[in-house]
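Colleague: I'm new to this one, so could you take me through a single part of it up close? I'd like to hear about the nonpolar patch on the surface, and which residues make it.

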Amino acid sequence: MVYLTVWGFLLRMIRGTASAAAFLVTFGVTVSLASFDWLMALEPRWSSTMFGVYVFSGLFLGALAALAAAAFLMGDSDNGADALSGAELHDLGKLIFGFSMFWAYIWYCQYMLIWYTNNPEETSFFLRRHTGGWAVLSMTSVGLNWFAPFLVLLPEWTKRDGRVLFRVSLAILAGHWLDLYIVAMPRFAGAGASFAPWEALVFLGTIGAAGSLLLREMKSQR
């Protein structure tokens with residue numbers, strides 16, 4: 001609750017003052033601490049000094065994807081041109097491309113360092129997630145968060161096409177959800193993934209709450 005309270009307070013400040021820089025600094029620190037408390041604590045014998053950066057990179061990439069998807073949906077035309085200009089769309093596409101590469105870089109560095117040291121207490125985290133039924137999901141997460149955006153957004157014209165960027169953004173959002181699922185659930189689900197109806201309800205509820213908040217903020221700005 002402490003993290004959510006701090007984030008909520010700073011978000012309220014952003015609406016009235018130019019405190020975005022203070023929010024970014026505070027969020028960078030608190031999201032790392034929250035990732036230790038909420039996610040790394042699920043594996044009490046495992047630790048990684050890069051885990052906070054890994055979670056932050058995924059959150060930032062997901063935020064950019066959500067922004068691109070929302071901008072496309074807000075536009076009246078098929079390519080979302082009414083919401084963003086061609087230059088703005090191109091800049092957003094470059095950011096998504098760059099942070100997709102950054103996420104992949106952090107993912108590889110964390111994996112490579114743990115694999116190279118071959119410490120049983122550290123390798124247990126990846127052994128659990130890269131064997132059995134979790135291996136396919138782990139590779140799917142890498143494909144959605146990095147491989148697909150890298151291939152699709154490599155040409156310049158795709159970064160300027162709202163429809164392409166929208167589809168890539170949906171893939172990244174799905175990949176980000178899957179990435180968090182892979183981090184959290186193997187500790188409880190055993191050798192393979194299992195999806196319960198309540199998990200789908202939580203997912204849909206989160207989307208509904210975010211969409212409701214976005215619509216409310218859009219109406220307040222009119």
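Modeller: Here's a walk through that patch, followed by the chain around it. Keep in mind that this is a predicted model. The patch covers about 510 Å², and the residues making it are Trp177, Phe195, Phe203, Leu204 and Ile207. Helix H10, which runs over residues 197–220, gives the largest share of the patch, with 3 residues. Take Ile207, which sits in helix H10: its relative accessible area is 46%, so it counts as partly exposed, the class between under 20% (buried) and over 50% (exposed).

How far should you trust this corner? H10 has the lowest mean pLDDT among the elements of the chain, 77, while helix H6 (residues 134–153) has the highest, 95. The chain as a whole averages 86, and 91% of its residues score at least 70. A separate spot to watch is residues 77–81, where pLDDT stays under 50 and the model has 9 contacts beyond four places in sequence. Where pLDDT is low, don't read the predicted coordinates in detail.

Now zoom out. The chain has 10 helices and 0 strands. Its radius of gyration is 19 Å, which agrees with the value near 17 Å for a compact globule of 222 residues. The C-alpha trace spans about 55 × 40 × 35 Å along its principal axes. Of the residues, 37% count as buried. As for the outside, the chain exposes about 12,900 Å², with carbon and sulfur atoms supplying 70% of that.

Terms used: Residues are numbered from 1 along each chain as its sequence is written. This is a predicted model: local features need pLDDT of at least 70, side-chain atom pairs count only at pLDDT 80 or more; totals for chains, interfaces and linings use all residues. Side-chain values use heavy atoms; hydrogens and water are left out. Patches are made of residues with over 30% relative accessible area and no salt bridge: like charges are joined within 9 Å, nonpolar side chains (Val, Leu, Ile, Met, Phe, Trp, Tyr) within 5 Å. Accessible areas come from the Shrake-Rupley method with a 1.4 Å probe; for residues, only the protein chains shown count as cover. A salt bridge is a side-chain nitrogen of Lys or Arg within 4 Å of a carboxyl oxygen of Asp or Glu. Helices (H or I, at least four residues) and strands (E, at least two) are DSSP runs, numbered from the N terminus. Buried means under 20% relative accessible area, exposed over 50%, partly exposed in between (1.4 Å probe, protein chains only). pLDDT is the predictor's confidence in each residue, from 0 to 100. Contact means heavy atoms within 4.5 Å. The radius of gyration is taken over C-alpha atoms; the globule rule is 2.2 Å times the number of residues to the power 0.38.
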